[in-house]
Amino acid sequence: MFLVYVFLLQMCFLPHIGFSSHCTVETSTKTFQKCMNLPTQQASIAWTFYPHNSTLELVFFGTFISPSGWVGWGINPTSSEMTGTRALIAFSDPTSGQIVLLPYILDPNVKLQKSPLLSRPLDIHLISSTAAIYGGKRATIHNGAPIQIYAKFKLESNKTKIHLVWNRGLYVQGYSPTIHPTTSTDLSSIATLDVLSGSSARQHTDLTMLRVIHGTLNAISWGILLPMGAITARYFRHIQSLGPAWFYAHAGIQLFAFILGTVGFAIGIHLGQLSPGVEYSLHRKLGVAVFCLGALQTLALLFRPNARNKFRKYWKSYHHFVGYSCVVLGFVNVFQGFEVMGASRSYAKLSYCLGLSTLIGVSIALEVNSWVMFCRKSKEEKMRREGLIGTSDKGNNGIHT
């Protein structure tokens, strides 16, 4: 059942951040030679490259995420990052309501939000550009409205690789597009493409799979297995018929969870190294805190005092505090991870919530049972002290309650 849950959770991650199903070389006015799905936002491109004069015709297929939003794409002449991109951005003209396509240069001040993004001529050889919404002149911008942004420009001689950047945002203030969402998929909307061969860099595909593995391992380890280990220790240690089996189960589950979590944590560190400029401060700090607490819990097993040792009560207090802190922070960071991945309304989150709800339901049932047993034993002890029942009646205590 555990392996089935792992498989289902991983499959739920994939559709959300995967590629769109197909691309097309056809538009209503033109047929292109090649097409390619882009790794984020279900976007795609089609293009024709003319090697004899280094001219590139390219159309970008994207979608709006807000009636007042914007969609854009561009080329970075020097590197695969947003800063320095020469972009074409489409949105609704605040005066006429018609689609307008304007050129922008994304300098560092824009990335740092020190100044609004203002339209200005591009310093690349742009020959022509247009934008159109599906549905003709009567089509309107709405959430999910598809748009085509076409451009024709001349590349440098003997240069066939371009750094493509694309994105979309929720609002436009006047003629200044505001910042786009900052989920991991939105920040990864970059690809390097060879327009002659049609090949693209695999980095973003690899990053997508690493994010899926990172999210799956951490959700299962810190968000499912660790609480299961805590439940095992809290509710099964008092069952005398189990003997020391509860301890071995508790230690085994926690150790397995920590190993999985360590792998997930290492992948997260590696993802940070592969994504310069992409930083999720809260998610990272919570991740480091959870990992450190998990490591302290694992090390505590090596320094566990004997039951008769006078320091045992202090060790238990430490063990409980660190353990429950790790569980709570693990829950918080798993949900923070869903936000980072832009999966706050995904089936992956739903699957995790179902698993977590099951754990909570089991915990509540076991907690109620523990209190019932505690109250029953307390009542029996009181009656025994008052002489209402004898020690020989222990096996028949149900008759006297």
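The UniProt annotation "binding site", from an unreviewed entry, covers H214, H250, H283 and H319. Of these residues, H250 and H319 are included in the lining of the largest pocket. The model is predicted. The protein has nine helices and 12 strands. Its 401 residues include 42% that are buried.

**Annotated histidines**

- H283 sits in helix 6, which spans residues 281–300.
- The relative accessible area of H283 is 18%. H283 is therefore buried, as the cut-off is under 20%.
- Leaving aside neighbours within four places in sequence, H283 contacts H214, N333, Q336, G337 and V340. One of these partners, H214, also carries the "binding site" annotation in the UniProt record.
- H319 belongs to helix 7, residues 312–340.
- With 19% relative accessibility, H319 counts as buried because the limit is under 20%.
- H319 is in contact with H250, Q297 and A300, again leaving aside neighbours within four places in sequence. H250 is likewise covered by the annotation.

**N218 in helix 4**

- Helix 4 runs over residues 203–236 and holds N218.
- N218 is buried, at a relative accessible area of 13%.
- Not counting residues up to four places away in sequence, N218 touches G223, G261, G264, F265 and V334.

**Sheet with strand order 6-5-4-9-12**

- Five strands make up this open sheet, and the pairing is antiparallel.
- Strand 6 (99–105) and strand 12 (190–194) stand at the edges. Each has a single partner strand, so one side of each lacks a neighbour in the sheet.
- From one strand to the next, the twist averages 20°.
- Strand 4 (residues 70–76) and strand 5 (residues 86–92) are joined by six bridges in the antiparallel sense.
- Within strand 5, F91 stands opposite W70.

**Sheet with strand order 1-2-3-8-7**

- This open sheet is also built from five strands with antiparallel pairing.
- Its edge strands are strand 1 (34–37) and strand 7 (125–133), each pairing on one side only.
- The twist here averages 15° from one strand to the next.
- Four bridges link strand 1 to strand 2 (residues 44–50), in the antiparallel sense.
- M36 has I45, in strand 2, as its bridge partner.
- Strands of a sheet pair through backbone hydrogen bonds, in a parallel or antiparallel sense.

**Contacts across the chain**

- Consider the contacts between residues at least 6 apart in sequence. Of these, 63% join residues at least 24 apart.

**Confidence of the prediction**

- The pLDDT averages 83 over the protein, and 86% of the residues score at least 70.
- Residues 14–21 have pLDDT below 50. This stretch has 20 contacts in the model beyond near neighbours in sequence.
- Residues 392–401 also have pLDDT below 50. Beyond near neighbours in sequence, the stretch 392–401 has six contacts in the model.

Note on methods:
Residues are numbered from 1 along each chain as its sequence is written. This is a predicted model: local features need pLDDT of at least 70, side-chain atom pairs count only at pLDDT 80 or more; totals for chains, interfaces and linings use all residues. Side-chain values use heavy atoms; hydrogens and water are left out. Helices (H or I, at least four residues) and strands (E, at least two) are DSSP runs, numbered from the N terminus. Buried means under 20% relative accessible area, exposed over 50%, partly exposed in between (1.4 Å probe, protein chains only). Contact means heavy atoms within 4.5 Å. pLDDT is the predictor's confidence in each residue, from 0 to 100. UniProt positions are given in the numbering used here, feature names are shortened, and annotations may be inferred rather than shown by experiment. On a 1 Å grid over the protein atoms alone, a cavity is a set of points where a 1.4 Å probe fits but cannot get out, and a pocket is an open set with protein on both sides within 12 Å along at least five of seven lines; lining residues have an atom within 4 Å of a point. Two strands pair if DSSP finds at least two bridges between them. Axes are lines fitted to C-alpha atoms, for helices over the stretch in contact, and angles run from 0 to 180 degrees between N-to-C directions.
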